[in-house]
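Colleague: I have not looked at this structure before. Could you take me through how to read it, feature by feature?

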Amino acid sequence: MAQKPRRTTVADVARLAGVSAMTVSNVLNAPHRVAPPTVQTVRAAIEELGYIPNHAARALSSGRSQVIGLPLYFEDDDNDTGLGGFLHGLLGGLVKAAAVSGYGVHVTTPTEGATEIALYEKLIAARQVDAIVVLETMPHDPRLEFLSRRRFPFVAFGQTAADQRQCWVDVDNATSMAGIAGHLRSTGRERAVYLATDSALPWVHQRRDGFADGFPATEVRSFGSLEAVAEYVAEADLPDAFVADNDAFAVVAMRTLQRRGITVGEDVAVTGFNDFPFASMLDTPLTTARIPLQDIASHLFTRALHEIAGQPDEPGRLVTAPLVVRSSA
């Protein structure tokens, strides 16, 4: 009778990575305690050996669920500017980062008429999750104030208020958009129209201010829909560049200009922000800033573990979206 294959252990991973078993345990449970190069080495060994942490045993011994909560709103929106694709990329990165440490991600949404805070109360009462990821935070966000009062671990995608724990990860929107401004200046563009999302969300204003600071000759226009962008660009006097704060606005601007017989990238530059998959597949590929969703998700999960462990507060983390230059600008 064939012998049953032996289960890969922490000791096996430690031998391959050239570290101690305790270091492997820290990488799995508290990677913020371990130097980044060592984390990479250990995770490579885990992947090579196909090591799967014993989720049930760890949950029983720690009294934790080994699950991170990710509340999402799912809405049908004809004017979606790419949020669905953005959330899909973020969720994929978060699931991958969590799996390495034997964690799962619980995706849920409030029932009709219920608030997100009511959903938090249910998750906490049922002990279904060890921490909650809060998306699109606002200054003095009531969701963060609730979790802070309950002393429940959370990590925010978006900056928290100065008097709250700085357990956040965010895109460095201002610096990233300043990179687009610098690129346009370097190509001789002198006058720009900035196509802004009509929203109070912080990232909208961070991107706008980052571009305007780096490109003073800017006219800012705000829009609540893709149709409004098309209507404006169809009649507008042409600047040297149309700069959109998201890829969807940029694509609409490009198509509208092309219908006017204008060559995008030569007569007028167009840029976006996010680098969704379609950006590189257009007839005139889009110059844009690429939000590194995998890195952001990894940082969010690592910081969630930091909060679960009750570690001292640390500064939040800004992640730059690098410029991807293509033929539109």
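Colleague: Which exposed residues does the face of α10 turned away from its buried side carry?

Modeller: That face carries E231 and E235. Keep in mind throughout that this is a predicted model. Exposed here means over 50% relative accessible area, and buried means under 20%.

Colleague: Which residues of α10 are buried, then?

Modeller: They are L226, V229, Y232 and V233. To see how such residues are placed, look down the helix axis. The buried residues of α10 fall within an arc of 125 degrees, so they line one face of the helix.

Colleague: What covers the buried residues of α10?

Modeller: The cover includes the strands β6 (192-197), β7 (218-223) and β8 (241-244), together with helix α11.

Colleague: How do I read the packing of α10 with α11? At roughly what angle do their axes cross?

Modeller: For a pair of helices, look at the approach of the axes, the angle and the hand. Helix α10 spans residues 226-235 and helix α11 spans residues 247-259; their axes come within 9 Å and cross at roughly 35 degrees. The crossing of α10 and α11 is right-handed. On the α10 side the contact is made by L226, V229, A230, V233 and A234, and on the α11 side by A248, F249, V252, A253, T256 and L257. Sorted by class, the contact of α10 with α11 has 10 nonpolar residues, one polar and no charged.

Colleague: Can the reading by faces be repeated on another helix? Which residues of α7 are buried?

Modeller: Helix α7 (residues 142-150) has R143, L144, F146 and L147 as its buried residues. They cover an arc of only 160 degrees around the axis, which puts them on the same side of α7. P142 and R149 are exposed on the other side of α7. The buried residues of α7 pack against helix α6 (116-125) and the strands β3 (131-135) and β4 (154-157).

Colleague: How should I read backbone angles? Which residue with a positive phi follows α7?

Modeller: The general idea is that most residues other than glycine have a negative phi. Positive values are therefore worth listing. R151, which follows α7, has a positive phi near 55 degrees. H140 also has a positive phi near 55 degrees and is a residue other than glycine; H140 is found in the loop between β3 and α7. Another non-glycine case is D275, with a positive phi near 60 degrees, in the loop between β9 (269-271) and β10 (288-289).

Colleague: Is H140 buried or exposed? And D275, buried or exposed?

Modeller: H140 is exposed, at a relative accessible area of 51%. D275 is buried, at 14%.

Colleague: How do I read a nonpolar core? How many residues has the largest one?

Modeller: Look at the size of the core, then at the residues with the most contacts inside it. The largest nonpolar core has 44 residues, and those with the most contacts inside it are L184, F211, V243, I296 and L300. Helix α12 (residues 293-308) gives the most to this core, with eight residues. Take L300 as a case: leaving aside its neighbours within four places in sequence, L300 is in contact with L90, L94, V133, V155, A156, F157 and V169. Another core, of 25 residues, lies apart from the largest one, and A248, A253, M254 and V268 are among its members.

Colleague: How do I read a single residue, such as V204? What does V204 touch?

Modeller: Start with its place in the fold, then its accessibility, then its contacts. V204 is found in helix α9 (residues 202-214). V204 is buried, with a relative accessible area of 3%. Not counting residues up to four places away in sequence, V204 touches Y194, T197, S199 and D245.

Colleague: And P37, buried or exposed?

Modeller: P37 lies in helix α3 (residues 36-49) and counts as exposed, at 53% relative accessibility.

Colleague: Last, how do I read the chain as a whole? How many helices and strands has it?

Modeller: The chain has 12 helices and 12 strands. Its C-alpha atoms fill a box of roughly 75 × 45 × 40 Å, taken along the principal axes. Buried residues make up 48% of the 329 residues in the chain. Among contacts between residues at least 6 apart in sequence, 70% join residues at least 24 apart.

Conventions:
Residues are numbered from 1 along each chain as its sequence is written. This is a predicted model: local features need pLDDT of at least 70, side-chain atom pairs count only at pLDDT 80 or more; totals for chains, interfaces and linings use all residues. Side-chain values use heavy atoms; hydrogens and water are left out. Axes are lines fitted to C-alpha atoms, for helices over the stretch in contact, and angles run from 0 to 180 degrees between N-to-C directions. Helices (H or I, at least four residues) and strands (E, at least two) are DSSP runs, numbered from the N terminus. A crossing is left-handed if the near helix is turned anticlockwise from the far one by less than a right angle, and right-handed if clockwise. Contact means heavy atoms within 4.5 Å. Ala, Val, Leu, Ile, Met, Phe, Trp, Tyr, Cys and Pro count as nonpolar, Asp, Glu, Lys and Arg as charged, and the others, Gly among them, as polar. Buried means under 20% relative accessible area, exposed over 50%, partly exposed in between (1.4 Å probe, protein chains only). The arc is that of the directions from the helix axis to the C-beta atoms. A nonpolar core is a set of buried Ala, Val, Leu, Ile, Met, Phe, Trp, Tyr and Cys residues joined through side-chain atoms within 4.5 Å.
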